[in-house]
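Subject: Structure handover and notes

Dear colleague,

I am passing on the structure we spoke about, and I would be grateful if you could read the notes below with the coordinates open beside them.

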Amino acid sequence: MNPLPVLSDNVLDNLASAVIVFEADLRVAYLNQMAEMILAVSAKHVVGEPPSTWADCHGEALMDLITASAVGSPITKRGVVLRTERSEVTVDCTVTPIIDEAGAKYIIVELQQIDRHLRISREERLITQQALTRDVVRGLAHEIKNPLGGLRGAAQLLEAELDSAELREYTRIIIQEADRLQELLNRMLGPNRRPSYSQVNIHHVLERVRTLVLAEAGTRIRVVRDYDPSIPELIGDMDQLIQAVLNIARNAVRALDEAGTITLRTRIQRQLTIGAWRYRLVAQVDIVDDGPGIPPEIADTLFLPMVTAGTGGMGLGLSIAQSLINQHKGLIECTSREGETVFTIYLPIGSDPGAERQGDTTHD
Ligand SMILES: Nc1ncnc2c1ncn2[C@@H]1O[C@H](COP(=O)(O)OP(=O)(O)OP(=O)(O)O)[C@@H](O)[C@H]1O
Ligand SMILES: [Mg+2]
């Protein structure tokens, strides 16, 4: 029986809040479209089903509130985290028990997703923080580069003057180490040419990365493709995009150590906000690995330069990747747990990264 006969599905389906109605025995009586989206379930599969079909994947948080509300008065809780198999959403949740005229009991649950707002402010902070750190690092690298060139040149002159092979061994070390430092500084300074933008098929980028990864890692790694072929071309610098994805994929290869699977997944997103800008179409690229996950102690600072878990890297790969994607007006995010690490690259489609921003906030 429909517990809300006066409200048509049409009205409820157009709400920005999720609405779920449970019967007294906690079978789902109704859920609107937003609820389907937030909980990542289909009404067809859960309506009329016992709680075990949905409660497992949506965490005890919701269940606890519903049980508590059975006492009689509405309960509101802020910042409830609901975990689904694929994602995590943070909601404000209100649970209201009602009894209709016929004496039947229902429980209405309203969920308002708040992490959309949290995500936007976090992104803005992330982008600003990245830009600042990048400037500091580049400035520093630049300052060191010139005197280093002087040192190397002097060591070379000295080498030419030395007769003793034993002493030349020392100048050789100076030159070698100066070269090593020089290479590091070059990476810190980032690409030394201006980006050259053209129409890019994101799948060509991923195929190149796939070939390179397979060539480097051999048969121990499987690279699975899960592409949405309908994604239109975007405007970008092919080499820089390959570099960005490769930096992420190489980390995955290193994390997988012995063996494992990397999945390259593409999807299209509509009306997505990146930083302060809203884009009509955005390409989403997920680079997923089933390795051990990001060490928790570096998770918050992952994209900053020099952050590494001490596996022999310089801690520059992700910072460079983020900076390259930012130049394309995009963003990289990461979620990680043991067995699944997902780096997600968002790249606006139809927006020219070389063009200046206009005053409005919607980009086609
Ligand atoms: N897929 C992943 N799984 C587990 N840990 C990862 C993954 N990707 C990155 N990390 C961790 O993040 C750290 C930072 O990565 P980043 O690419 O910035 O630097 P790096 O790989 O250490 O050095 P570089 O890329 O400069 O050679 C890595 O050291 C690693 O500990
Ligand atoms: Mg790396």
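The notes below go from the whole chain to the ligand shell, the cores and a few single residues.

Please keep in mind throughout that this is a predicted model. The protein chain has ten helices and 13 strands, and of its 364 residues, 26% count as buried. Among the contacts in the chain between residues at least 6 apart in sequence, 61% join residues at least 24 apart.

**The shell around ligand 1**

Ligand 1 is surrounded by 23 residues, of which the closest are Asn251, Ala255, Ala309, Gly313 and Gly317. Sorted by class, this shell has eleven nonpolar residues, eleven polar residues and one charged residue. Two helices, H9 (238-256) and H10 (317-327), each supply at least two residues of the shell, and the largest share, four residues, comes from H9.

**Helix H9 and the largest core**

Helix H9 also has a part in the largest nonpolar core, which holds 42 residues and in which Val245 and Ile287 touch the most other members. The elements that give two or more residues to this core are the helices H8 (202-217), H9 and H10, together with the strands E7 (221-226), E9 (260-274), E10 (277-289), E11 (331-337) and E12 (340-348). Of these contributions, the largest share is again that of H9, with eight residues. Once its neighbours within four places in sequence are left aside, Ile287 is in contact with Val245, Ile248, Ala249, Ala252, Ile262, Leu264 and Phe343. Apart from this core lies another one, of 24 residues, among them Ala18, Val46, Val91 and Val109.

The buried residues of H9 include Val245, Ile248, Ala249 and Ala252, each of which is also a contact of Ile287. Asn251 and Ala255 are likewise buried in H9, and both are among the residues closest to ligand 1. As for the geometry of this helix, its 19 residues should span 27 Å at 1.5 Å a residue, and the separation of its end C-alpha atoms, 27 Å, agrees with that. After H9 comes Asp257, with a positive phi near 60°.

Helix H7 (residues 165-189) can be checked in the same manner: it has 25 residues and reaches 36 Å from its first C-alpha to its last, close to the 36 Å expected at 1.5 Å a residue. The residue that follows H7 is Gly190, and its phi is positive, near 80°.

**Strands E3, E4 and E5**

Strand E4 (residues 88-99) contains Cys93 and pairs on two sides of the sequence, with E3 and with E5. Strand E3 (residues 75-83) is joined to E4 by seven bridges, and the two run antiparallel; one bridge pairs Arg83 with Glu88 of E4. Nine bridges join E4 to strand E5 (residues 105-113), also in an antiparallel arrangement, and here Ile98 has Tyr106 of E5 as its bridge partner. The hairpin of E4 and E5 has five residues between the strands, and within this hairpin Gly103 takes a positive phi near 90°.

Is Cys93 buried or exposed? Cys93 counts as buried because it has 21 C-beta neighbours inside 10 Å, where 20 or more are needed. Leaving aside neighbours within four places in sequence, Cys93 is in contact with Leu62, Leu65, Thr76, Lys77, Val80, Val109 and Leu111. Its C-alpha atom is separated by 8.8 Å from that of Gln113, which is 20 residues away along the chain.

**Two further backbone points**

Most residues other than glycine have a negative phi, and two residues are worth a look on that account. Leu26, which is not a glycine, has a positive phi of about 70° and lies in the loop between strand E1 (18-23) and strand E2 (28-31). Lys329, also not a glycine, has a positive phi of about 65° and is found in the loop between H10 and E11.

How do the C-beta neighbours inside 10 Å class these two, and what is the count for Leu26 and for Lys329? Leu26 has 17 such neighbours and therefore counts as partly exposed, whereas Lys329 has 22 and so counts as buried.

With kind regards

Key:
Residues numbered from 1 in each chain as written. Chains lettered and ligands numbered in written order. Predicted model: local features only at pLDDT ≥ 70, side-chain atom pairs only at ≥ 80, totals over all residues. Near = placed C-beta within 6 Å. Nonpolar A, V, L, I, M, F, W, Y, C, P; charged D, E, K, R; others polar. Expected span 1.5 Å × (residues − 1). Core = buried A, V, L, I, M, F, W, Y, C linked by C-beta atoms within 7 Å. Buried ≥ 20, exposed ≤ 12 C-beta atoms within 10 Å, placed from the backbone. Contact = placed C-beta atoms within 7 Å. Pairing = 2+ DSSP bridges.
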